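Please open the structure in the viewer and keep the sequence panel visible. The tour proceeds by selections, from the whole chain to single residues.

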Amino acid sequence: MTIQEQTHLCHRTNKFIEKYGVSRKWLASKAKIREKDFSCFINQRLALSKNQQERLTAFLDEYEQCMSTFSQL
């Protein structure tokens, strides 16, 4: 997949970082992506591998689900 095809995920990731106030380093570690690769992805200079993309998407989904449930309490 090219970086152009991952633009939506890149924007979603940047919004996630801004919304929840997490660091890029922390998020990269949670998704098991090297910091350098993650930084390049965030700046739309590098496409993630399929495995990296799946791990990042799964983590974002899980985190947002937990936060959604937490905010309903």
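Select the whole protein chain and display its contacts: among those with a separation of 6 or more, 65% join residues 24 or more positions apart. Please bear in mind that this is a predicted model.

Next, colour the chain by secondary structure. The protein chain contains 4 helices and 0 strands, and its pattern along the sequence is α-α-α-α.

Now show the C-alpha trace alone. Along its principal axes, the trace spans about 40 × 20 × 20 Å. The radius of gyration is 12 Å, which agrees with the value near 11 Å for a compact globule of 73 residues.

Turn on the surface. The accessible surface comes to about 5,000 Å², and 51% of it belongs to carbon and sulfur atoms. Of the 73 residues, 32% count as buried. Then select the charged side chains: the mean positions of the 12 positive and 8 negative charges lie 5 Å apart.

Select Gln 6, in the segment before helix H1 (7-20). Is Gln 6 buried or exposed? Gln 6 counts as buried because its relative accessibility is 1%, under the cut-off of 20%. Beyond its neighbours within four places in sequence, Gln 6 is in contact with Met 1, Phe 41, Ala 47, Leu 48 and Gln 53.

Finally, select the cysteines. The count of disulfides is 0. Cys 40 is in no disulfide, and the nearest cysteine sulfur, that of Cys 10, is 11 Å away. Cys 40 has 16% relative accessibility and so counts as buried, whereas Cys 66, at 47%, counts as partly exposed.

Note on methods. Residues are numbered from 1 along each chain as its sequence is written. This is a predicted model: local features need pLDDT of at least 70, side-chain atom pairs count only at pLDDT 80 or more; totals for chains, interfaces and linings use all residues. Side-chain values use heavy atoms; hydrogens and water are left out. Helices (H or I, at least four residues) and strands (E, at least two) are DSSP runs, numbered from the N terminus. Buried means under 20% relative accessible area, exposed over 50%, partly exposed in between (1.4 Å probe, protein chains only). Contact means heavy atoms within 4.5 Å. A disulfide is a pair of cysteine sulfur atoms within 2.5 Å. The radius of gyration is taken over C-alpha atoms; the globule rule is 2.2 Å times the number of residues to the power 0.38. Accessible areas come from the Shrake-Rupley method with a 1.4 Å probe; for residues, only the protein chains shown count as cover. Lys and Arg count as positive and Asp and Glu as negative; His and the chain ends are not counted. The place of a charge is taken as NZ of Lys, CZ of Arg, CG of Asp or CD of Glu.
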